Structures are given as C-alpha cells and as structure tokens.
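Subject: Structure handover

Hello,

Here is the structure I said I would pass on. My notes on what was found in it follow below.

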Amino acid sequence: MAWSRPRQRTGRHRLFLARSAGGPRWSGDLPAPDAWSLRRLWPGVYLPAIVVEAGIGAIIPFVPAVVTAQGGSLAVAGVLAAMLPIGHIVADIPAGALAGRIGDRRAMQLACLLVAVATAGAALAPSIAVLAVCLFLVGCADAVFGLARHSYLTAVVPPLRRARALSTLGGVHRIGLFIGPFAGALVVAGGSPARAFALAVGTSLLAWLIVTLSRELPGADDVRATEGHGGVVAVLREHRAVLARLGIATGAIGLIRGARQVVLPLWGAHLGLDPTTTALVFGVSGAVDMLLFYPAGKVMDARGRLWIAIPSMLTMGLALALVPFTTTATTLGLVALLLGLGNGMGSGVVMTLGADVAPPASRAPFLGAWRLLQDLGSAGGPLVLSAGAALGSLAGGVGAVAVLSLGAAGALWRFVPRYSVHANRTTRARAGIGVRPDGDR
C-alpha cells in the first residue's frame, strides 16, 4: 500500500492527516503502524532515559545531607531541592528552541553532558551557592533531555503507535526515578553523599554514549526535512488558542500530579504516622503507578485519548477527596493505591496530547511551551496544599485539588476533540482515520 504525504486541513489549530489510496486513512508522515516495533526505541530513547533519570534520582535524597554538612539549615535544603523543578520551568521554552535548531538527538547528547558537568560540580561544590547553581543546571539539562525525547518520538513514531511510545517513555521515567534512590543508597553505604553525585556523573556519561552509538530510526530524516526553524515568539503567537485552552487543561493535570507527590507525606504527618510507614505508603502508590503505563498507551492508541485522560482525572479526584477521611495507615494505604492507579493509567497522556497537536513545522518550540504549562502546574500543586495548611485546613487544600481534578476532566472533554483527531473513535471516524487491530511486531 502506498502512503501519501499529509494534506493540511484548515481550522483554528491545523491538523495534519494522511490519506491512503483505496484503504484506511492514517495521520502522520511515516509508514503504517504495523511496520513498527517499539523495541526499536529502546537503544536510543528508553534506555538512556532510564539511565539519566536513575542518576538524577540518586542525588535527590542526599541534597539535604550535603547542605547540612556545609552548615545550611533544613529550610535551605528545601530551597536547594526546589532548584531542580525551577530549572525545568526556566529551561522548557529555551529547550524547545535549542532542539528545534540543533536537532533532537544532538539536544539529548548535549543534555547528558550538561548533567555530567553539573553533577560533578555539585560533588565538588565548595559552597551552598555553587551547589544551588549546579542543581539548577541539572534541572535545566533534564528539561532539555525530556523535551528532546518528546519531540523525537513525536517525529518518528506513527500516530497510531504514538500513545504507546509516549506512555512507555513516561513509564521509564518513573522507573528511573524509582530505582535511583536505591542505587544512590547502595553507592553511598555510610560514606560521603558526594558518591551519589559521582554516580550521576557516570550514568549521564553512559547515557551520552548510548545515544551517540544508537542508530536513527527510519523516517526521522524525512520528517526533519519538512521542519522549519520558526522563532519561539512566533510559534506561541500562532498557536496561542490551543495553548490557552487545551494547554491550560494539561497544566491542571500537572497541578494534580504535583499535589499527589506531597499529599501522602503531608497527610501521614498529620495523622502522626512514623516516617517509615509513610514512606511505605508512598512506595506502594508508586509501585502501582509504574505497572500501568503500557496498558494505558494501548487503550489510547486503540480507543482514543479521552478513554484514559478523563478516567485518570476522575480516579485521582476521587482518591484525593477520600484522603481527608482516612484515619489510619491502612486506610491511607488503600487511598494511596487508588491514587497510584489514577496516576498510572494517565502515564504519557500529556505528552501524547502535546504530540497530537504539535505543528510539524515548529514541533520542538511548541512542545517546549506545552511542557512549560505542565511544569508550572506541577509546581503549583504543592503550593495549593501548603496554602490550605497555612490557612488552618490541610483537608481544605486537598479538597480544592480534588475539585480541580473535576475541572481538568471537564476541560479535556471540551477541548481534546476540538484539537486532536485522536480524541476518540468518533473524531477519528470524522477525520477519516482507520484503526487497525492491535499488535506490535
């Protein structure tokens, strides 16, 4: 079967669809999904992602120890821990511009080297100020690496395999951050916390080597040849409608996920649970979270994005609404399972929606803005909970986030079909996109 180049349809946000002669229609620039296997993505994308994130995850638990060893307080340690997400926020838009100019693979290589330099500097930092700068640079580099992976998969994976590829990317990110602290603890083993930073240097250099030696995927050159290098401001202006509507909805998803990271420890402390028990509850939630990324991607590819995005938000909203009613470690653990289930089933959904609506001619800058909205939401989640606690009602802050999850579900229901032909089977049928039976080679 011969596959034609995509034809452009007009609208408030342009959708690019491909039509085959005498057969089902497919969206995207590349061959039919059945010619693809996600196993091809492991050498150049998934494996280096696990390695890099494991290194970053290894240093996070030891930041307070390094700060206090240099005479800083726990409050200062908290500020330095925030340098990583702040680096993400600051670098999201520049990362898109960089990847658009030098290419996705080169951006990944550069990010790996920057992580190596920054973590080496953190290991040798003579002062807290230098350590703060190094951690900020680690966050910036991680933003560049994440944007480049997102943009690369958007370019080379056929759209009817896209959700599977991106949900797996979200899954390996979780896996890397999960195993990182254990690897760090094993390396440190009663010695200097600087060993964890040395481990991060090694993992980032290993990731750079893996990316460098991996081969380009078929079709990457053809897609890249059609891309332009539009300025970031022009891209934001042209696509402000989708960013202001669907992008804000995904920012709300980030807020709910950001709140999830701190709600269990905060409520565990509120109940007077010992830190070990709270850590166990949090770990159980994270374990459930990691189990669902691939099934979630299969459902999004087969049924549409809304089949996962909305149930994920509703499940997390229900779990958050139940948190204030828990009074023991057991009940909090059950709610944590439900919270992990909701977050896990939504693995990769924000990246997938961004890939669906990203304009091919300015893909990387657009995705930089898209990821910025998500990261801003993630930073806002803990602030909502903290505001509730400061006003005398942590339960009120948790309830506010639960209500916001309903708003996010409603916004997704309203805007996803408007901007993405992959919202569900109905929008696919209207766009003339066929769906083939599942099954990877």
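The chain contains 19 helices and 2 strands. Please keep in mind that this is a predicted model. Of its 441 residues, 53% count as buried. Among the contacts in the chain with a separation of 6 or more, 80% are accounted for by residues 24 or more positions apart.

Helix packing around α7

I looked at two helix pairs that share α7. The first pair is helix α6 (residues 128-156) with helix α7 (residues 159-188); their axes come within 10 Å and cross at roughly 160°. An angle over 145 degrees counts as roughly antiparallel, so α6 is roughly antiparallel to α7. The crossing of these helices, α6 and α7, is right-handed. On the α6 side the residues involved are R149, H150, L153 and T154, and they meet R162, A165, L166, L169 and H173 in α7. By class, this contact of α6 with α7 has 4 nonpolar, 3 polar and 2 charged residues.

The second pair is α7 with helix α13 (residues 293-303), where the axes come within 8 Å and again cross at roughly 160°. That crossing angle makes α7 roughly antiparallel to α13. The α7 and α13 crossing is right-handed. From α7, the contact is made by P159, L160, R161, R162, A163, R164, S167, T168, G171 and I175, and from α13 by F293, Y294, G297, K298, M300 and D301. The residues of the contact of α7 with α13 divide into 7 nonpolar, 4 polar and 5 charged.

R162 of α7 appears in both lists: R162 is among the residues that meet α6, and R162 is also part of the contact with α13.

Individual residues

R174 is also found in helix α7. Is R174 buried or exposed? Its relative accessible area is 17%, and the cut-off for buried is under 20%, so R174 is buried. Not counting residues up to four places away in sequence, R174 touches R257, D289, M290, N343 and S347.

H88 has its place in helix α4 (residues 83-102). With a relative accessible area of 18%, H88 is buried. Leaving aside neighbours within four places in sequence, H88 is in contact with G139, C140, D142, A143 and D375. One of these partners, G139, lies 51 residues from H88 in sequence, and the two are 5.1 Å apart in space, C-alpha to C-alpha.

T203 is found in helix α8 (residues 194-213). The relative accessible area of T203 is 14%, so T203 is buried. Which residues does T203 contact, leaving aside its neighbours within four places in sequence? They are V51 and G55.

Cysteines

How many disulfides does a search of the whole structure find? The search finds 0. A disulfide is a covalent bond between the sulfur atoms of two cysteines. I also checked the accessibility of two cysteines. C112 counts as buried, at 1% relative accessibility. C134 counts as buried too, at 9% relative accessibility.

If you open the model, the α7 region is a reasonable place to begin reading these notes alongside it.

Regards

Definitions and conventions: Residues are numbered from 1 along each chain as its sequence is written. This is a predicted model: local features need pLDDT of at least 70, side-chain atom pairs count only at pLDDT 80 or more; totals for chains, interfaces and linings use all residues. Side-chain values use heavy atoms; hydrogens and water are left out. Helices (H or I, at least four residues) and strands (E, at least two) are DSSP runs, numbered from the N terminus. Buried means under 20% relative accessible area, exposed over 50%, partly exposed in between (1.4 Å probe, protein chains only). Contact means heavy atoms within 4.5 Å. A disulfide is a pair of cysteine sulfur atoms within 2.5 Å. Axes are lines fitted to C-alpha atoms, for helices over the stretch in contact, and angles run from 0 to 180 degrees between N-to-C directions. Angles under 35 degrees count as roughly parallel, over 145 as roughly antiparallel, 65 to 115 as roughly perpendicular and the rest as oblique. A crossing is left-handed if the near helix is turned anticlockwise from the far one by less than a right angle, and right-handed if clockwise. Ala, Val, Leu, Ile, Met, Phe, Trp, Tyr, Cys and Pro count as nonpolar, Asp, Glu, Lys and Arg as charged, and the others, Gly among them, as polar.
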